[in-house]
Amino acid sequence: MDLYLTVKAIHIISIIAWMAGLLYLPRIFVYHAENLQNDKICETFKIMEKRLMFYIMNPAMLSSWFFGLWLVHLQEINILDILWIKLKFALVVILTIYHFFLFKCLKNFNENMNNYSSKFYRVINEIPTLLLIFIVFIVVFKPL
């Protein structure tokens, strides 16, 4: 089996899992923020949020980075020489920052110190979608 294609396939699978979490967690936050007065429901959301972050999102993010960097290594290219790779890298860094922002929100919910409305979570839920669209177009069209 070709090593490059295997690493690429695992990278794509990791990205799909990570994106699923980045899209789903803010949706859970919407419902959590709307039910802060109901302790039983909030405890259920806390469990869901924690499991999603620690069992799916964190491993998927780490494996996305690992296999993505491995792909670059296997191609033996200098990422500073290729515009589309620099653009993709920058957008993935933004996704990673977003991931850590969601982690901070999760901690705030866990400590009953949420600072944002359900509307806020609905709006930020669009960020990973937009970034994903840009990343896919960059990877497919590979601008010079």
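In helix 5 of this predicted model, residues Pro 128, Leu 131, Ile 135 and Ile 138 are buried (under 20% relative accessible area, against over 50% for exposed; 1.4 Å probe, protein chains only). Viewed down the helix axis, these buried residues fall within an arc of 95°, taken from the directions from the axis to the C-beta atoms, so they line one face of the helix. An α-helix has 3.6 residues a turn, so residues three or four places apart point the same way. On the other side of helix 5, Phe 137, Val 140 and Phe 141 are exposed. The buried residues are covered by elements including helix 1 (3-34), helix 3 (83-110) and helix 4 (118-124), contact being defined as heavy atoms within 4.5 Å.

Helix 5 comprises 15 residues (127-141), and its end C-alpha atoms are 21 Å apart, which agrees with the 21 Å expected at 1.5 Å times one less than the number of residues. Just after this helix, Lys 142 takes a positive phi of about 40°.

Helices 1 and 3 also meet: their axes, fitted to C-alpha atoms over the stretch in contact, come within 11 Å and cross at roughly 35° (on a scale from 0 to 180 degrees between N-to-C directions). Residues making this contact include Trp 18, Leu 22 and Phe 29 of helix 1 and Leu 95, Leu 102 and Phe 109 of helix 3. By class, the contact has 14 nonpolar, 4 polar and 1 charged residues.

Residues are numbered from 1 along each chain, and helices are DSSP runs (H or I, at least four residues) numbered from the N terminus. Local features required pLDDT of at least 70 and side-chain atom pairs pLDDT 80 or more, while totals for chains, interfaces and linings use all residues; side-chain values use heavy atoms, without hydrogens and water.

Methods
Helices (H or I, at least four residues) and strands (E, at least two) are DSSP runs, numbered from the N terminus. Ala, Val, Leu, Ile, Met, Phe, Trp, Tyr, Cys and Pro count as nonpolar, Asp, Glu, Lys and Arg as charged, and the others, Gly among them, as polar.
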